[in-house]
Amino acid sequence: MPSTLTGTVALVTGASSGIGAATARRLAEDGASVALVARRKGRLNDLAAGIEKAGGTALVVEADITDRTQAEAAVQQAVEHFGRLDILVNNAGLMLLGPVVGADVDEWERMLAVNVQGLLHTTHAALPHLLKAAEDGPRKVADIVNISSIAGRVAWNGYGVYNLTKFGVNGFTESLRQEVTQRHVRVGVLEPGGVDTELGSHNKPEIQGAMITPFYKATEVLTPDDIADGVAYMVTRPRHASIGELWIMPTDQA
């Protein structure tokens, strides 16, 4: 019996680790051919080898999606290799915490570039191909899933610019959904809360500890595989069933 996504092609950004890697593996398990997009080619090669060993199909695309030309080339490479594009998962992200007073503005710019500009670049490049897939693809529907955060709904002290990026992702997702939903491109945002990944690994230990450790001690933190399950749930729904917003929250240990 064919898998749910047999015959489809997915592109996953930020695929070299964490949620991106887990999502790529999960989509491949469900039958999709997967284009793995990130800057760390060595990790992508390892991921692709694992997917192919398990019987899946993967393409390594080394690219920095904050550069519009590279993002466009990544999408084009995937389409030329596989012949189509049915699913886009905008996963690449960066979380840098800290107060506004005394902040490192260069860090802000990096986070804005990854979380907002990169998402815009890949979406703009992929959308014509997704619209075509919705017209003549095997499922007659295409999907965009933007990985956001609960920080796109709730603001916390010290999360200011990160909140800004994720509120922006959520607003963009809803606007785009209204623009293309009648053309059978489903656009949804997945908002995890409390996931143990490399996302915040660039934070200074004193900031990371003060702002996140208490939360981790009080909850059963989510894993990248939990989020990958959510992505798979969103893109394997029946053609006319769309999930505009999905929250995945950790369990209170108490």
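Helix α7, which runs through residues 224–235, comprises twelve residues and covers 17 Å between its first and last C-alpha, close to the 16 Å expected at 1.5 Å a residue. The model in which this helix is described is a predicted one.

Within α7, the buried positions are P224, I227, A228, G230, V231, A232, M234 and V235. An α-helix has 3.6 residues a turn, so residues three or four places apart point the same way. The buried residues of α7 pack against two kinds of element, namely the helix α1 (18–29) and the strands β4 (87–90), β5 (142–147), β6 (185–192) and β8 (245–248).

Two of the strands that α7 packs against, β5 and β6, also help to locate a pair of residues with positive phi: K140 is found in the loop between α4 (105–136) and β5, while H184 is found in the loop between α5 (160–180) and β6. Neither K140 nor H184 is a glycine.

| Residue | Phi | Relative accessible area |
|---|---|---|
| K140 | about 60° | 36%, partly exposed |
| H184 | about 65° | 26%, partly exposed |

Turning to the whole chain, the protein contains seven helices and nine strands, and 50% of its 254 residues count as buried. When contacts between residues at least 6 apart in sequence are considered, 72% of them join residues at least 24 apart. The exposed surface of the protein amounts to about 11,900 Å², of which carbon and sulfur atoms supply 51%.

Technical notes: Residues numbered from 1 in each chain as written. Predicted model: local features only at pLDDT ≥ 70, side-chain atom pairs only at ≥ 80, totals over all residues. Heavy atoms only, no water. Helix = DSSP H or I, 4+ residues; strand = E, 2+ residues; numbered from the N terminus. Buried < 20%, exposed > 50% of the residue type's maximum accessible area, 1.4 Å probe, protein only. Contact = heavy atoms within 4.5 Å. Areas by Shrake-Rupley, 256 points an atom, 1.4 Å probe, with all protein chains shown as cover. Expected span 1.5 Å × (residues − 1).
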